[in-house]
Amino acid sequence: MTQQTPDQYRVFGNPIEHSRSPDIHHIFALKSQQHINYQKQLVDIDGFSNAVTDFIHQDGKGANVTVPFKEQALALSDELTERASLAGAVNTLTFKEGKIFGDNTDGEGLVQDLITNNVSLKNSRILLLGAGGAARGVLLPLLAHMPHSIVIANRTVSKADKLCQHFADIRLSASGYQDLEQQSFDVIINATSASLSGNLPPIPTSIIRQNVVCYDMVYGKNETPFLQWAKEHGAIKVIDGLGMLVGQAAVSFEVWRGVTPEVQPVIDKLRAALT
Ligand code: NDP
């Protein structure tokens, strides 16, 4: 019996060497008996559109897109999901019926990870630190889970203001870090890139009250500066962004294959391999 050629998927980025997406998707595929091949591809800074076209000609079925091409992927898409359109970025492309469909699964990956960790979002007061692409991408999925409010705090307050205007939802408000002093939150999500350079956003310690859960989108072998700080000041639970990474991949896999993969064994495996 001849073996069928596996369906082809890619992740496009620059840099791309660090990407764990091929490992994650191959484990999902193995566990759910899906016949796929998923490779990472380094793309020249000005070569994204050509890379996508070439891959479509090679009968590629879909692709993930990472830094710095997520906005270009949005522009290249013929049709967008609402979450991709509001996020202003696409991380998941599907090629079918001669069209390019753009989606953004980052926010759903975060929300799924919060739910897996028993963090209740309904009626919660959420503080979102940062107003870059990652913050923008998670707002719609967070709002869909009916929080009481989301305060977006950013160093450059005008960017947080812009996000509030863009989403036009009365549960959203913008703030500078210094104005957080007297406020109280149930969930604090660090969507800044401060942890990548070993820094902490300038948050007042008074916002860490009993029962607050702190989440950092960054992850690593060691706890991030934000999560260390939160723990030291009494946060009830701290969670890093590894589950979000695997979660967004799981939602992409579901978009492409119609199968919901199990995330926990993959998170455990990646965690054990973190260096
Ligand atoms: P952007 O460059 O778009 O935004 C960076 C944000 O961080 C801005 O709000 C910026 O503030 C803020 N910032 C940077 N340094 C500091 C600092 N020292 N103190 C306070 N604020 C700071 O990045 P993204 O939004 O794309 O990504 C943010 C983080 O999320 C990254 O670390 C990324 O790795 C992570 N991420 C993780 C994912 C996962 O799956 N786990 C998925 C997506 C992102 P200002 O506007 O004032 O400059």
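Contact here means heavy atoms within 4.5 Å. With that in hand, welcome to the tour; keep in mind that this is a predicted model.

**Stop 1: the mixed sheet**

Start by selecting helix α2, residues 48-57, which lies across β1, β2, β3, β5 and β6. Its direction makes about 175° with that of β1. Now show the strands beneath: the open sheet has six of them, ordered β2-β1-β3-β5-β6-β4, with mixed pairing. At the edges you will find β2 and β4 (79-80), each of which pairs on one side only.

Next, add helix α1, which packs on this sheet and touches β1 (7-13), β2 and β3 (62-65). Its direction is at about 175° to that of β2.

For a look at strand pairing, zoom in on β5 (residues 92-96) and β6 (residues 99-103), which run antiparallel and are joined by five bridges. Pick Leu93 and you will see Gly102 of β6 standing opposite.

**Stop 2: aromatic rings**

Colour the aromatic side chains: the structure holds eight aromatic pairs. Begin with Phe28 and Phe253, an edge-to-face pair with 5.5 Å between centres and 65° between planes. Phe28 belongs to helix α1 (residues 21-31) and Phe253 to helix α9 (residues 242-257), so this pair links parts of the chain 225 residues apart. Are these two rings buried or exposed? Phe28 is buried, with a relative accessible area of 2%, and Phe253 is buried too, at 0%.

Stay with α9 and select Trp256 together with Tyr38: their rings form a tilted pair, 6.3 Å centre to centre with 50° between the planes. Because Tyr38 lies in strand β2 (residues 36-42) and Trp256 in helix α9, the pair ties together parts 218 residues apart in sequence. Both Tyr38 and Trp256 are buried.

Then select Phe12, Phe48, Phe55, Phe69 and Phe95, which ring pairs link into a cluster. One more ring deserves a click: Phe101 has the charged end of Lys96 sitting over it, 5.4 Å from the ring centre.

**Stop 3: the parallel sheet**

Move on to another open sheet of six strands, in the order β9-β8-β7-β10-β11-β12, where the pairing is parallel. Its edge strands are β9 (172-175) and β12 (237-239), each pairing on one side only. From one strand to the next, the twist averages 20°.

Zoom in on β11 and β12, which run parallel and are joined by three bridges. Cys214 has Val238 in β12 as its bridge partner. Now bring in helix α8 (residues 225-232), which lies across β7, β10, β11 and β12 at about 170° to β11.

**Stop 4: the nonpolar cores**

Which residues have the most contacts inside the largest nonpolar core? They are Leu110, Leu128, Leu142, Ile150, Ile152 and Ile189, in a core of 29 residues. Among the elements that each supply at least two of its residues are α5 (106-116), β7 (125-129) and β8 (149-153). The largest share, five residues, comes from α6.

Select Ile189 and show its surroundings: beyond its neighbours within four places in sequence, its contacts include Leu110, Leu142, Tyr215 and Met217. Apart from this core lies another, of 19 residues, among them Ile16, Phe28, Phe253 and Leu274.

Finish on α6, whose buried residues include Val138, Leu139 and Leu142. Just after α6 comes Met146, with a positive phi near 55°.

Key:
Residues numbered from 1 in each chain as written. Predicted model: local features only at pLDDT ≥ 70, side-chain atom pairs only at ≥ 80, totals over all residues. Heavy atoms only, no water. Phe/Tyr/Trp six-rings, centres within 6.5 Å; stacked < 30°, edge-to-face > 60°. Helix = DSSP H or I, 4+ residues; strand = E, 2+ residues; numbered from the N terminus. Buried < 20%, exposed > 50% of the residue type's maximum accessible area, 1.4 Å probe, protein only. Lys NZ or Arg CZ within 6 Å of the ring centre and 35° of its normal. Pairing = 2+ DSSP bridges. Axes fitted to C-alpha atoms, helices over the stretch in contact; angles between N-to-C directions. Core = buried A, V, L, I, M, F, W, Y, C linked by side-chain atoms within 4.5 Å.
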